[in-house]
Every structure is written in C-alpha cells, then in structure tokens.
Number of protein chains: 2
Amino acid sequence: MPQQMKTSADLRVHNQTRLLRLVHDADEPLTRAGAARLLGIGRNTAAALVGELEAAGLLHEVPAETTGRGRPTTLLLAHPDGPVAFAADIREDSWTLARIELGGRLTELETGEHDRTPMVFDEIRGATRRHATDRLASLGIAIAGPVRDGRRLHISHLGWDDVDLGEHIGDEWPTVVDNDGRLAGLAEARRGALRGTGTALHFHIDFDIGGTLLLGGDSQRGANNIAGEFGHMPLTGSSLRCMCGVQGCWSLDVGANALLRRFGQNPGYGAGRARGREILARAEAGEPEACRAVDDNATALGRGLGALANALDPEAVTLSGLGIDLIRLRRGLIEQACAEALMRFRRADPPRILAGTVGEIGPLRGAAEIAFDTILSPGWLRTRLQAGPSM
Amino acid sequence: MPQQMKTSADLRVHNQTRLLRLVHDADEPLTRAGAARLLGIGRNTAAALVGELEAAGLLHEVPAETTGRGRPTTLLLAHPDGPVAFAADIREDSWTLARIELGGRLTELETGEHDRTPMVFDEIRGATRRHATDRLASLGIAIAGPVRDGRRLHISHLGWDDVDLGEHIGDEWPTVVDNDGRLAGLAEARRGALRGTGTALHFHIDFDIGGTLLLGGDSQRGANNIAGEFGHMPLTGSSLRCMCGVQGCWSLDVGANALLRRFGQNPGYGAGRARGREILARAEAGEPEACRAVDDNATALGRGLGALANALDPEAVTLSGLGIDLIRLRRGLIEQACAEALMRFRRADPPRILAGTVGEIGPLRGAAEIAFDTILSPGWLRTRLQAGPSM
DNA sequence: CGCTTTAAGTTCGAGGCGAGAACAAAATGC
DNA sequence: GCATTTTGTTCTCGCCTCGAACTTAAAGCG
C-alpha cells in the first residue's frame with residue numbers, strides 16, 4: 001500500500017506533492033500566488049511549501065514579469081540542480097534516449113540502432129551512464145510489446161518470449177518499463193488531446209493495434225500489467241488466424257498488416273511500414289484498389305471503436321500512428337462505421353474521435369511521465385526532503 | 001472535485017472516514033485496538049477518533065469478549081441510532097426495498113409489483129416513506145438498464161427511452177440510481193468473490209449480458225455512466241441483428257435469449273426466463289438438443305471472456321444469473337473456449353472464472369454499497385460531525 | 001492466592017501543520 | 001503623488017497525531 005496519509009507531516013508532503021504535480025502538469029510556468037489559488041491554500045502556506053522545495057532543490061523561484069497591478073510574484077520553475085528523468089523509446093531497430101525535467105521540457109540525448117535482442121537494454125543503460133549526472137532520479141522505458149508485471153517481455157516479432165528484464169534493467173537507477181502504445185496513450189492523457197478527460201481510449205495503429213483505457217489521466221494496467229491488447233479482440237468478424245494465436249483479431253483488419261495483405265504482401269515489420277505508407281499515398285492519389293483497402297481499414301477501425309465504446313463509454317478516443325492518416329483521409333467512414341456499431345441509444349452522443357496531438361514522440365513522453373510519477377510521489381518526496389538536495 | 005484534503009482538520013475527518021470504511025467492510029466486528037493496528041495509528045488517537053464518532057452517533061462501542069491475555073477492548077459496531085441506507089432493486093415486474101446499516105447488515109423491508117412504467121420510482125418512494133426514520137441517510141436504487149449520467153434511463157424492453165428520473169427521484173433523500181449488473185459486480189468486489197482483486201470483471205447473464213470492469217473495488221462508470229454493455233460487442237461472430245441496433249452482439253449467443261432462439265422461441269422477458277431455465281434443466285437431464293444449446297452458450301461465453309481478457313487483463317471474472325449455472329454445468333467448455341480466445345502468451349495464466357458468491361441479492365447489495373459510499377465520504381462525515389447525531 | 005505477563009486504555013507534553021489577521025511591500029493607474 | 005491592487009511576511013491560534021509514561025484489566029502460573 002502506497003503509504004496512507006495519517007499524520008500532519010504526511011499532510012505537508014501531500015500538499016507539496018500536489019504543488020509539484022501542478023507545476024509539472026502546467027502548460028505555462030505557474031506563479032507562486034497562482035499555484036496557491038489553484039491549490040486553495042493561503043499565500044503564507046504556499047511560501048512555506050515552496051521554500052522547503054527550493055531548499056530541497058526541487059523548485060526554483062524567479063521573479064515573474066508583472067502583468068498588472070499588485071506586488072510582483074515569482075515563477076515556479078524546475079530547479080537547475082533538481083531531479084530529472086530519462087526516458088527511452090525502443091523501436092523496432094532503433095532507440096532514443098531523452099532527458100526530461102520538471103514541467104516536461106524534453107531534451108533528446110542520443111539515438112542508436114540495436115540488434116533486436118534484449119541487449120538493447122544494456123545499450124540504453126550504457127547511454128544513460130554516459131549522460132547521467134547525480135540529477136538523474138528515474139528512468140522510464142517504452143517498448144513495443146506487453147511487459148508482464150513490469151519486467152517480463154513478450155514480443156513475438158522479435159522472438160522475445162517471456163524475456164526477464166531483471167538483469168537487463170539493473171539497479172543503478174529506479175527503472176520502469178512499459179508498453180509503448182500504453183505510454184503513447186498516457187502522453188495524450190497528460191499532455192495531449194485527452195487532457196482533462198475522465199474516461200478515454202487511445203489506440204496506436206502500426207502493423208496492428210495496441211491501446212489503453214485512460215481513467216482520470218492514468219492508464220489502466222490490468223492485473224499483470226498486460227492490459228491493452230484491444231487489437232486482439234474479434235471485433236470485425238475476420239475468419240483469419242492471427243499471429244497471436246487467436247482467430248479473427250481486430251488487428252487483422254486494421255493497420256499496416258491489413259493493408260499489405262490486401263496487396264498480397266506478407267504481414268511485415270521493418271520495410272513493411274514503408275510499403276504500408278505507400279499504399280496510403282496511392283489511396284490519397286486516388287488509385288482505386290488502394291482506396292478500397294484504406295476504406296476497409298477505416299471501416300474496420302470504426303466498427304471496433306463503436307464496439308469498444310459500447311463497453312467502456314469513453315468521452316473521447318485518440319489515435320496515433322496510421323490512425324492519424326486514417327482520420328485525415330477517412331474520418332467520415334470511421335465515424336459512420338463507429339455509429340453503426342454503437343447501440344442505438346448512444347448514437348446521438350458518440351465519443352469524439354481525435355488525432356493524437358503528441359505525435360511520434362508519444363511513447364517517449366509517456367515513458368517520461370511514468371518516470372516522473374516516481375518522483376512526484378509522497379514517498380520519494382519525503383526521502384528527498386529529509387536527505388536534502390544532495391540526494 | 002471531492003474536496004481535496006488540505007488542513008489538519010481534514011486529516012482527522014480523513015482518518016475517521018478510513019476507520020468507518022474499515023468497520024463497514026470488515027467481515028467480523030473489529031475491536032478498537034485491532035482497528036488502530038490496521039490503520040497504523042496509536043491507541044490514543046484511535047480512542048479520540050472513536051470517541052467523536054460515538055458522540056456523533058456513528059459508531060457504538062460495546063465491551064468485547066476477552067480472547068486471551070491483556071486488558072479487554074471494545075467492539076466497534078454500528079450505532080443503534082446511526083445512519084442507515086435504503087436500497088431498492090427494481091426487477092422486471094417487481095421491486096424490493098431493504099435497509100442496510102454500517103457493517104452491511106441487510107434487512108428486507110418490503111417487496112411489491114409494478115406496472116413497468118417509471119411510476120415504480122414513485123412506489124419505491126412511497127415505500128421508503130413508510131419505513132423511513134430520521135436515521136435514513138441515503139437511498140440507492142438498482143435497475144436493469146443503462147442510467148446515463150445517473151438520471152436518464154434507457155430500457156428498451158420496457159419501452160423506456162431516455163426517461164428522466166429527476167422528478168421521479170425527488171429530493172426527500174439523497175438518491176443514487178445505477179445499473180443492476182454493475183451493482184451486482186460491485187457487490188462481488190466489495191463483499192463477494194472479487195474481494196481484494198485489483199482488476200476484475202463481472203458479468204450478469206440473464207436474457208443478455210451486462211457487466212462491469214472493477215478496479216480496486218470500484219466499478220468503472222465511463223464518461224456518461226453508461227459503461228458496461230459488454231454484451232453488445234461482436235465477440236462471437238454472429239450475423240444476427242440485435243435489438244440494440246447493432247449486428248453480431250455477444251448477447252445474441254449467450255444468455256436466455258440465445259437458448260430460447262435455439263428452440264424457435266422469441267427472445268423474451270417475463271415467462272421467457274422460466275423457459276430458459278427449463279432448457280438448462282433439460283440439458284442437465286441429458287436431452288441432446290438442450291445439451292447442444294447449452295454447449296454453444298458456454299462456448300460463446302468463454303470466447304467472449306477470452307477476448308475481453310486480452311484487452312483488460314483481469315485477475316478474475318465472476319458471473320451471476322445464468323452464468324452460475326453455466327459454470328456449474330460447463331466449466332470445462334467455458335475455460336477451453338476462453339483459452340482459445342486468449343493470446344498465446346496469456347494462456348499459461350488465464351483469469352480465474354468464478355461463480356459470484358453474493359447471489360441474487362447482488363444488485364440490492366450493490367445499491368446498498370453506493371448508498372453507503374455517500375455516507376462514508378469525508379464531506380458527509382464532516383457535516384455530520386458538526387451537526388451532531390440529530391442530523 | 002498472589003505475582004508476573006500481556007495487551008489495552010489514558011493522560012500529557014511535544015512537534016508540526018495550515019488558517020487567518022494584520023501589516024508591509026511593490027507594482028499600476030488616475 | 002496618492003489611492004488601489006496584489007502579493008509577500010509575520011505571528012498567533014487551533015487542530016492533529018505521536019510517543020512516552022503510567023494505569024488498568026484480563027490470563028497464566030507456581
């Protein structure tokens with residue numbers, strides 16, 4: 001249990017956590033007075049909270065420009081020596097490492113290629129070591145496969161069958177690993193088109209579909225951290241057998257693999273992605289067969305979204321990857337198919353279907369968020385406040 | 001926003017809320033010393049918290065029987081003049097009203113029949129008025145249809161199309177209305193087979209399937225409180241059109257309607273339920289055609305469960321209604337079909353499929369839980385502590 | 001039977017927290 | 001140049017939980 005709040009000391013840490021979260025989540029730098037108003041606390045209390053956080057090297061106050069009458073206040077910024085998180089995104093044959101500070105400013109540090117073995121984790125550890133300072137507090141990693149219990153990886157197309165990440169992660173830094181589609185959704189919920197939604201869904205459409213249910217800005221993880229394989233539900237009546245071992249998966253009809261199959265090409269990875277995009281381009285240019293392939297893709301997408309909306313009642317649905325192109329090219333078809341799959345009484349108020357706004361950086365951003373979730377927790381903060389800025 | 005905790009006064013209310021929740025959720029009456037240990041607070045603090053709660057008429061301390069060495073302590077019981085919740089379950093043509101006190105003790109008060117119009121809410125209000133004392137603090141109502149935003153009802157088989165409950169509910173008592181399947185699931189999560197699970201699913205199988213996703217003991221409600229129509233996802237490849245307006249719904253293959261259709265009978269309500277049970281009985285007696293119908297039902301059930309498990313990764317799944325019979329008669333078939341619909345890497349660790357243990361009283365129990373959730377909230381408690389027991 | 005042990009209850013002082021009031025300070029605007 | 005507005009600062013107050021010390025009430029045991 002995450003240390004239930006009980007004492008007045010817990011209360012202070014709790015309020016400081018709320019304050020830091022507010023600063024981290026804000027679009028624009030907050031003023032101290034503004035933050036106090038948002039938290040509903042007095043100016044005196046805010047001064048005390050911020051003072052301790054500055055002393056602990058977590059916040060930095062700088063004079064704010066005056067905007068009107070009244071005594072000028074200060075802006076709450078990330079402390080120049082404050083904790084930072086590193087985030088890594090492991091794609092098919094490359095990876096990116098970035099540094100994120102409080103407030104979300106992201107700096108790319110290094111990218112590299114990898115040999116499609118779990119050695120990529122050691123590479124990332126090496127890169128982290130190259131860039132790490134004592135400011136590094138937490139490392140988040142996004143990878144394209146289900147991560148059971150946060151440490152056991154299953155990626156069939158890389159031939160990773162139940163790879164235990166324990167030894168690959170090491171213990172130099174607190175490290176969290178999660179699925180890239182889920183993290184992309186988390187990024188939309190925290191800093192993208194799903195901001196402020198209570199219940200939402202996000203789907204990343206690449207060769208197939210991965211997604212996540214977002215509740216109050218957090219992604220639903222399931223009992224074993226392997227929730228989100230929406231693409232492997234039989235939502236479109238396909239009679240094909242999927243690589244996952246199941247018949248009729250939604251992913252057989254949506255995504256690059258579905259486009260490729262239409263043209264007699266094998267489901268693929270690597271170069272297959274370019275061929276998928278080529279089909280989209282041909283459809284955009286008006287080639288009939290490509291158009292029909294994209295039509296079918298969009299229709300199947302919409303049907304699945306409608307079915308899921310019946311069960312989960314999302315306020316909005318965001319898409320990333322190919323989904324962004326499908327929205328651009330076939331919004332009408334998607335919405336129509338979705339409406340037909342919606343129960344009648346829902347059709348007057350369908351979920352909004354939106355293109356994600358975080359972009360390709362989504363998994364990286366999401367990895368940064370889960371890394372910062374470690375930092376913005378009462379437990380971490382309590383330790384830091386006791387240990388001082390040199391922690 | 002539910003009144004964020006900020007001050008030390010909030011802290012006390014927070015701890016008192018935790019204490020009351022502990023008492024409400026406990027199987028056996030708790031001792032004061034035991035509760036203090038569970039909450040991780042000192043005996044002195046516990047004495048202060050309990051003292052105030054007793055003075056506010058929320059808890060009652062009685063001497064506990066000594067179990068071993070040491071000074072005897074007291075048992076924390078519901079106060080004889082403490083707040084109670086009423087819960088109502090509206091079934092097809094009848095209703096039940098019950099009284100629930102802190103700790104969960106449930107007393108049936110009255111049952112009646114109704115004319116299948118929204119007037120049933122007025123009847124329930126009348127019955128509530130007959131039994132109400134000033135102890136009544138909250139009323140929870142379970143009903144067999146989606147309740148949009150907690151007040152707009154859609155029940156196609158009763159011809160209720162977007163019925164606004166505002167006027168029917170009145171404002172004599174705080175009243176919450178929700179879907180019966182969801183409430184049955186909540187009952188399993190709070191007091192049944194799903195107790196202690198982090199992520200779970202519950203399905204009530206009657207004529208069709210309704211369900212809910214349970215996260216940390218709470219049911220997921222969706223953006224408009226109409227989540228849970230899992231039965232209206234196309235999980236089994238049916239080509240039939242469902243009454244809900246969608247093609248291929250899972251509910252077309254699972255539940256009493258699917259059994260009836262197999263024997264050329266129309267999907268029904270009322271007497272149809274008995275005919276469905278009769279088919280189950282004939283299958284149990286070994287009649288081949290009935291057996292096949294039940295086999296198909298069980299197989300379709302399992303397939304859907306597997307598909308949903310891929311997406312939501314539940315730790316366990318409970319069933320109520322016909323689901324209990326299907327588990328009893330065809331557990332093997334359900335589990336086999338579920339496994340086949342699970343992605344390969346999940347098959348070694350499938351979700352547990354369990355019969356619900358709360359029984360037919362599930363919706364009523366769940367309605368009691370949401371009614372008590374009102375009472376066991378910091379806001380309500382704060383008011384009560386200020387107003388004294390006469391509130 | 002009386003002493004020891006155990007587990008609770010009780011009392012009291014210490015330390016911490018946020019609220020609120022009063023005042024000071026720093027900007028704008030007329 | 002003075003009133004206005006907004007924020008920072010200081011100080012007191014009430015509230016909370018904790019921990020230590022002590023008391024109380026049972027069981028165990030010789």
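**Chain B, chain A and DNA strand D**

Student: How many salt bridges does the rule find across the interface of chain B and chain A?

Tutor: Two. Keep in mind that this is a predicted model.

Student: OK, so which residue does A:R148 pair with in a salt bridge?

Tutor: B:D349. The closest N and O atoms of A:R148 and B:D349 are 3.7 Å apart.

Student: And how many residue pairs are in polar contact between chain B and chain A?

Tutor: The count is 33, taking pairs with both residues at pLDDT 80 or more.

Student: Which helices and strands of chain B supply at least two residues to the side that touches chain A?

Tutor: There's helix 1 (8-25), strand 13 (209-215), helix 9 (288-312) and helix 10 (322-341) of chain B. By class, that side of chain B has 26 nonpolar residues, 16 polar ones and twelve charged ones.

Student: What area is buried between the two chains?

Tutor: About 4,200 Å², with carbon and sulfur atoms giving 56% of it.

Student: Which residues in chain B lose the most area to chain A?

Tutor: B:K6, B:D313 and B:F345. Together they make up 15% of what the chain B side buries.

Student: How many residues are in contact, chain by chain?

Tutor: On chain B, 54 residues, and they touch 54 residues of chain A.

Student: Switching to the DNA. Which residues come nearest to strand D?

Tutor: Of the 26 residues around DNA strand D, those are A:R71, A:T73, B:R12, B:N44 and B:R69.

Student: What does B:N44 get close to, base or phosphate?

Tutor: Base. An N or O atom in the B:N44 side chain is 2.3 Å from a base oxygen of DNA strand D.

Student: And what about A:R37 and B:N15, base or phosphate?

Tutor: Phosphate for both. The A:R37 side chain has an N or O atom 3.0 Å from a phosphate oxygen of strand D, and for B:N15 a polar side-chain atom lies 3.2 Å from a phosphate oxygen.

Student: Which elements give two or more residues to the surface near strand D?

Tutor: From chain A, helix 2 (32-39) and helix 3 (43-55); from chain B, helix 1 and helix 3 (43-55). Helix 1 of chain B gives the most, with four residues.

Student: So how do the residues of that surface split by class?

Tutor: Near DNA strand D there are five nonpolar, twelve polar and nine charged residues.

Student: Last one: what share of the strand D atoms within 4 Å of the protein is sugar or phosphate?

Tutor: 70%, and the rest belong to bases.

Terms used:
Residues are numbered from 1 along each chain as its sequence is written. Chains are lettered from A and ligands numbered from 1 in the order in which they are written. Side-chain values use heavy atoms; hydrogens and water are left out. Contact means heavy atoms within 4.5 Å. Buried area is the accessible area (1.4 Å probe) that two parts lose on being put together, summed over both. A salt bridge is a side-chain nitrogen of Lys or Arg within 4 Å of a carboxyl oxygen of Asp or Glu. A polar contact is a pair of N or O atoms within 3.5 Å; within protein, one must be able to donate a hydrogen and the other to accept it, and residues adjacent in sequence count only if both atoms are side-chain atoms. Ala, Val, Leu, Ile, Met, Phe, Trp, Tyr, Cys and Pro count as nonpolar, Asp, Glu, Lys and Arg as charged, and the others, Gly among them, as polar. A residue is near a molecule or strand if one of its heavy atoms lies within 4 Å of it.
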